[in-house]
Amino acid sequence: MEIKNDLNYAVIANRIDQKLLNNFLDYTIIDDKINYADLTEMIYLFPSKTIVFNDCLRQFTNKEKDQIWQLLKKRQVNYVNITSNMEEVIKSDYLYVFYDDKLAMEGPTLDLLKEEKLLKRLGFGLPFTVDLSMQLKLYGLLSDTETDLEMLVNKLWN
């Protein structure tokens, strides 16, 4: 697994364990024992260009997550988000999918999310907005897959 400094990654797995985390020993790994204030301070002061979130963002509200994404972008800190929350993967550029400690799929996030059947066979659903927009595409109501719920609603109303 190659991590480039100019991309943000998401990693989903049916089992997040030490074997998976061993891929990221060269980076600072943040787990769910951190609070929002400490995390934002760490990102603000972070000397490295890549940070690894170990399924810790699920504990924050959507507003807090949005502020974290904005701060990461502002500080030009790239991330690897190891997550069990499929809604979080749409914020990444590239996705790794692990099943039973083996790499099952990898590629640009939106391209992999279009592989709905394969993801479901591996035990993963689609993020709500992506799933809804794909269903609406089948009915000819949208021309492309939308990842932002607000933009999806705007497109439907226009």
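This section describes helix packing and two individual residues in a predicted model.

Helix H7 spans residues 128-138, and its buried residues are Thr129, Val130, Ser133, Met134 and Leu136. These residues lie on the same side of H7, because the arc they cover around the axis is only 160 degrees. In an α-helix, which has 3.6 residues a turn, residues three or four places apart point the same way. The buried residues of H7 pack against three elements, namely helix H5 (109-113), helix H6 (116-121) and helix H8 (149-157). After H7 comes Gly140, which has a positive phi, near 75 degrees.

A second helix contact involves H2 (residues 36-45) and H3 (residues 62-75). The axes of these two helices are 9 Å apart and form an angle of about 10 degrees. Since angles under 35 degrees count as roughly parallel, H2 and H3 are therefore roughly parallel to each other. On the H2 side, the contact is made by Tyr36, Leu39, Thr40, Ile43 and Tyr44. The residues that they meet in H3 are Glu64, Gln67, Ile68, Leu71, Leu72 and Arg75. By class, the residues of the contact of H2 with H3 comprise seven nonpolar, two polar and two charged.

Ser92 is placed in the loop between helix H4 (86-89) and strand E5 (94-99). Its relative accessibility is 8%, so Ser92 counts as buried, the limit for this class being under 20%. The side chain of Ser92 takes part in a polar contact with the side chain of Thr109, at 3.1 Å. The Ser92 side chain also reaches a backbone atom, the oxygen of Val89, at 2.6 Å. When residues up to four places away in sequence are not counted, Ser92 touches Asn8, Tyr9, Ala10, Tyr79 and Thr109. Thr109 thus appears both in this set of neighbours and as the side-chain partner of Ser92 in the polar contact.

Lys102 is located in strand E6, which covers residues 102-108. With a relative accessibility of 60%, Lys102 counts as exposed, because the class requires a value over 50%. Lys102 and Glu115 are 13 residues apart along the chain, and their C-alpha atoms are separated by 18 Å. The two residues considered individually thus fall into opposite classes, Ser92 being buried and Lys102 exposed.

Key
Residues numbered from 1 in each chain as written. Predicted model: local features only at pLDDT ≥ 70, side-chain atom pairs only at ≥ 80, totals over all residues. Heavy atoms only, no water. Buried < 20%, exposed > 50% of the residue type's maximum accessible area, 1.4 Å probe, protein only. Helix = DSSP H or I, 4+ residues; strand = E, 2+ residues; numbered from the N terminus. Arc of directions from axis to C-beta. Contact = heavy atoms within 4.5 Å. Axes fitted to C-alpha atoms, helices over the stretch in contact; angles between N-to-C directions. Parallel < 35°, antiparallel > 145°, perpendicular 65-115°, else oblique. Nonpolar A, V, L, I, M, F, W, Y, C, P; charged D, E, K, R; others polar. Polar contact = N/O pair within 3.5 Å; in protein donor to acceptor, adjacent residues only side chain to side chain.
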